[in-house]
Amino acid sequence: MTARATALPHSRLRSSGGTPIVGTVTRGTTNPNRLRRMDRWIVATHGAELRRADEPLAVDLGYGAAPWTAVELLERLRSVAPHARVVGVEIEPARVAAALPYEREGLVFRHGGFEIPVPQRPSLIRAANVLRQYDEAQVAEVWARLCGRLAPAGGGSRGGLLVEGTCDEIGRRHVWVALGPEGPRTVTFAARLGSLERPSDLAERLPKALIHRNVPGEPVHSFLRDFDRAWAAAAPYASYGARQRWIRAVRDLTADWPVVDGPARWRQGEVTVEWGALAPLG
Ligand SMILES: C[S@@+](CC[C@H](N)C(=O)[O-])C[C@H]1O[C@@H](n2cnc3c(N)ncnc32)[C@H](O)[C@@H]1O
């Protein structure tokens, strides 16, 4: 067990090139296939951007005690962008050493932190279950730093994407924020629907920026309350399965909340909402 992260820049570590490493070692818990929902969403929503990049580079930041999520990310990105490459970046040196035997064409592992030790500005930075162990007050600074490393927008491209979020140990419940070079864009809720009693079960997996804001008066609390109400109203659809009930509930939500996706994603047990509607109040 390692210490909870407390301040930035925090580490006295330096990369082999001498650059200060930004961040703090935290618990390395991971599991094979844990991030499948996030990977699926990235492929569906960001695949075209990855395909159009000359050299699509993705960073799996804080891949943990074993490199599975980075290996899987490469495989899934290559299904839509055959030239995609992945760099796994981990702040704990022993975890980098343990990952090296898994390097392959298109996949390398590097010691580093939020400074993102890659020469090229990535098309994707994925940070899953990393910020959860930092303080809420650190999130804005980390987001700004990571967004500043993304490939810029221009020439018809919206630029790179940062996907930052949290899930349970086996990836049944997942919530993440997607950010572009300009800042936060959306929040996605994704679940194995059979595992949910109600949508607000996902509250326990809210990303760090939102988890302490699930209190009355905050937008994310109102959203989950409305989602539970819509879910209750959609109870008759349960006889057709949890998926039909979810689709019906999300359709109702669209009357009051800026849902940005449609039935093709809802069918996967997902819904994506504009960040601005859920952002904490001050
Ligand atoms: C809970 S594990 C998550 C592993 C994997 N991403 C997953 O979701 O299964 C968090 C990992 O992030 C690493 N970490 C924490 N802060 C970091 C930073 N600033 N840069 C790189 N890695 C970091 C920790 O050392 C730890 O191995």
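Does Asn 33 count as buried, partly exposed or exposed, and what is the relative accessibility behind that label — which of the three is it? At 32% relative accessibility, Asn 33 counts as partly exposed, where buried means under 20% relative accessible area, exposed over 50% and partly exposed in between (1.4 Å probe, protein chains only). The place of this residue is in the segment before helix H1, and Asn 33 has a phi near 65 degrees, a positive value in a residue other than glycine. Most residues other than glycine have a negative phi.

The model is predicted, so to speak of local features a pLDDT of at least 70 is needed and side-chain atom pairs count only at pLDDT 80 or more, while totals for chains, interfaces and linings use all residues. Residues are numbered from 1 along each chain as its sequence is written, and side-chain values use heavy atoms, with hydrogens and water left out.

On the scale of the whole chain, 9 helices and 8 strands make up the secondary structure; helices (H or I, at least four residues) and strands (E, at least two) are DSSP runs numbered from the N terminus. The radius of gyration is 19 Å, which agrees with the value near 19 Å expected for a compact globule of 282 residues; the radius is taken over C-alpha atoms, and the globule rule is 2.2 Å times the number of residues to the power 0.38. Along the principal axes, the C-alpha trace spans about 60 × 40 × 35 Å. Of the 282 residues, 56% count as buried. Among contacts (heavy atoms within 4.5 Å) with a separation of 6 or more, 66% join residues 24 or more positions apart.

The interior holds a largest nonpolar core of 55 residues, in which Leu 61, Phe 114, Trp 143, Phe 189, Phe 223, Trp 246 and Val 271 touch the most other members. Such a core is a set of buried Ala, Val, Leu, Ile, Met, Phe, Trp, Tyr and Cys residues joined through side-chain atoms within 4.5 Å. Helix H6 (residues 219–233) gives the largest share of this core, 6 residues. A second, separate core has 29 residues, including Leu 50, Ala 58, Tyr 63 and Val 80. Beyond four places in sequence, Phe 223 is in contact with Phe 189, Leu 253, Trp 257, Val 273 and Leu 278.

Tyr 63 lies in the loop between E1 and H2 and is buried, with a relative accessible area of 2%. Leaving aside residues up to four places away in sequence, Tyr 63 touches Thr 30, Thr 69, Gly 88, Val 89, Glu 90, Arg 95, Val 96, Ala 99 and Phe 109. The C-alpha atoms of Tyr 63 and Val 96, 33 residues apart along the chain, are separated by 9.3 Å.

In helix H2 (residues 68–78), the buried residues are Thr 69, Ala 70, Val 71, Glu 72, Leu 73, Leu 74 and Leu 77. Their cover includes helix H1 (36–52) and the strands E1 (57–61), E2 (85–90), E3 (107–111) and E4 (124–128).

Arg 40 sits in helix H1 and, at 34% relative accessibility, counts as partly exposed. Outside the four places on either side in sequence, Arg 40 is in contact with Arg 265 and Gln 268. A second positive phi, about 60 degrees, belongs to Ile 116, which is not a glycine. Ile 116 is found in the loop between E3 and E4 and is buried, with a relative accessible area of 1%.
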